[in-house]
Each structure stands twice: as C-alpha cells, then as structure tokens.
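Hi,

Here is the structure I promised to pass on. Have a look at it first, and then read my notes below.

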Amino acid sequence: MTLVHTLGPQTTDCYRAAQAYVKRHPEHEYQIMLHSSFAAAIAAVTKHPGEQILLPTALQLADGTDWGALHYRYLERWQLVDVFSHPLDSLVLVQSQRQTGFIDLHPATAELARPLIDDQHQLRFAASKWAAYQAYRHDGEFCITNQANLDPQERILNRWAVDMVWTVYQEQEE
C-alpha cells in the first residue's frame, strides 16, 4: 500500500483530488494521509521513500513558496508520477456583519481578494481554505473559501468555478 500525503481535513479540495487520483489508478492500493498544512505533508513524505504527495499547481505557502519553487527544490528527490485536472469546490467570497478589517483566505486565493484590499482591510492567511473560514467565523469581515465549508446563512458576494491542475510526486531513495 502506498501513502498519498496531502492537505486535510476531508472538506478540502486536496482530499477530493486525492480521492479522484486513487480512483484513476484502481490497479494500485493507496491510503490517503491528511495533514494540517502543506509544510506538514512535505515533511512527512520526505521521510519515507516510496510515499507520494499530492499538490495543486496553485499551491502558495504563507512564506511565499509556490508550487514551482517546490518542484525545483525537490527535483532530485521527487519523481513526478501523475498530473491531472480536477475542479475545486466552488470558491466563494462571503461577508459578515462585523467590520474588523480582516480578509481571511488561503494564500493561493490572494489574487481574488485584490479588489477588497484598501487601508481599512488586511489579508489574514490560513493553512487551508477551511482554516480561513474558521478564522473568519471567529472575527473576520470577509473570507474566500469553498462553498462546501459554509454555514447556510452566509451572505455570498461572489462565486468562482475553478478547474485545478494537480500533481503527484513520489519520494525517491536518497
């Protein structure tokens, strides 16, 4: 059995993409291992040759590291074993009644928030779109997240349908 590491929890696009990947390869036996951040998933897979990691090409870590940087950083250690397209759950922009100035989002969706940024608002990044919504529920004013994360009473200002390119790498022997 091969472990496929990716971002969790089960409400994430990564989990749904990992499920799609596993279904694409019925000839193999896989187990999906979910992590609280991409950094944790990367740390886990780099310790175990033969295990895999699933990453979206829109990946953007809070420190600015993107998918391209990781692709080259691990060029000698990771073998690209699959690339496929799979849609994200609908992305939505929601607004609360609070006027806190916080725009909660995952770093990869920052471009979608550009029209909201002014002197009164600041971006507050989270490890996942699910985590961004949890922060927003606490004290945020705006949030970009997956529609599947929402409470039914949320006020949706905008919605985006996004197809994503996903990559799967396998950790090689050092």
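Start with His 5, which stands opposite Ile 53 in β3. Please keep in mind that this is a predicted model. The two strands behind that pair are β1 (residues 2-7) and β3 (residues 52-56), which pair in the parallel sense over 2 bridges.

**The sheet with β1 and β3**

Both belong to an open sheet of 5 strands, and its order is β2-β1-β3-β10-β4, with mixed pairing. At the edges you'll find β2 (30-35) and β4 (78-87), each of which pairs on one side only. On average, neighbouring strands here are turned by 25° against each other, direction ignored.

Two helices go with this sheet. Helix α1 lies across β1, β2, β3, β4 and β10, and runs at about 105° to β4. Helix α2 (residues 38-45) also packs on the sheet: it touches β1, β2, β3, β4 and β10, and its direction makes about 150° with that of β3.

One detail to look at in the backbone is Pro 9, in the loop between β1 and α1. The peptide bond leading to Pro 9 from Gly 8 is cis, with omega near 5°. As background, most peptide bonds are trans.

**The cores**

Back to Ile 53. Which residues does Ile 53 touch, not counting those up to four places away in sequence? They are His 5, Ala 41, Ile 42, Val 45, Trp 78, Thr 167, Val 168 and Tyr 169. Ile 53 is also among the residues with the most contacts inside the largest nonpolar core, together with Leu 54, Leu 55, Trp 78, Phe 84 and Trp 166. That core has 36 residues, and helix α1 (residues 13-24) gives the most to it, with 5 residues. There is a second, separate core of 8 residues, which includes Val 92, Ala 126, Tyr 136 and Leu 150. In general terms, nonpolar side chains in soluble globular proteins tend to be buried together.

**The other sheet**

Now for the strands in the order β7-β6-β8-β5-β9, an open sheet of 5 strands, again with mixed pairing. Here β7 (122-125) and β9 (155-160) are the edge strands, each pairing on one side only. The twist from one strand to the next averages 25°. Helix α5 (residues 129-139) lies across β5, β6 (102-105), β7 and β8 (142-146), and it runs at about 145° to β8.

I'd spend some time on β5. Its pairing goes like this:

- Strand β5 (residues 91-95) is joined to β9 by 5 bridges, and the two run antiparallel. Val 94 is the residue standing opposite Ile 156 in β9.
- With β8, β5 pairs in the antiparallel sense over 5 bridges. Leu 91 has Asn 146 of β8 as its bridge partner.

Is β5 enclosed or open to the outside? With 5 of its 5 residues buried, β5 is largely enclosed by the rest of the structure. Leu 91, Leu 93 and Gln 95 point one way from the strand, while Val 92 and Val 94 point the other way, and all are buried. That fits the usual pattern, since in a regular strand the side chains alternate between the two faces of the sheet.

Next door, Asn 158 sits in strand β9. Buried, partly exposed or exposed? Asn 158 has a relative accessible area of 34%, so it counts as partly exposed, because that label covers values from 20% to 50%. Leaving aside neighbours within four places in sequence, Asn 158 is in contact with Leu 91, Val 92 and Leu 93. From Val 94, Asn 158 is 64 residues away in sequence and 7.4 Å away in space, C-alpha to C-alpha.

**The largest pocket**

Last item: the largest pocket holds about 270 Å³ of space. Its lining comes from 23 residues, and those nearest its centre are Leu 88, His 106, Ala 108, Thr 109 and Lys 129. The elements that give two or more residues to the lining are α1, α4 (110-113), α5 and β10 (163-171).

Happy to go over any of this with you.

Cheers

Technical notes:
Residues numbered from 1 in each chain as written. Predicted model: local features only at pLDDT ≥ 70, side-chain atom pairs only at ≥ 80, totals over all residues. Heavy atoms only, no water. Core = buried A, V, L, I, M, F, W, Y, C linked by side-chain atoms within 4.5 Å. Buried < 20%, exposed > 50% of the residue type's maximum accessible area, 1.4 Å probe, protein only. Helix = DSSP H or I, 4+ residues; strand = E, 2+ residues; numbered from the N terminus. Contact = heavy atoms within 4.5 Å. Pairing = 2+ DSSP bridges. Axes fitted to C-alpha atoms, helices over the stretch in contact; angles between N-to-C directions. 1 Å grid on protein atoms, 1.4 Å probe; cavity = no way out; pocket = protein on both sides within 12 Å on 5 of 7 lines; lining within 4 Å. Points joined across faces, edges and corners; volume = space filled by probe spheres on them.
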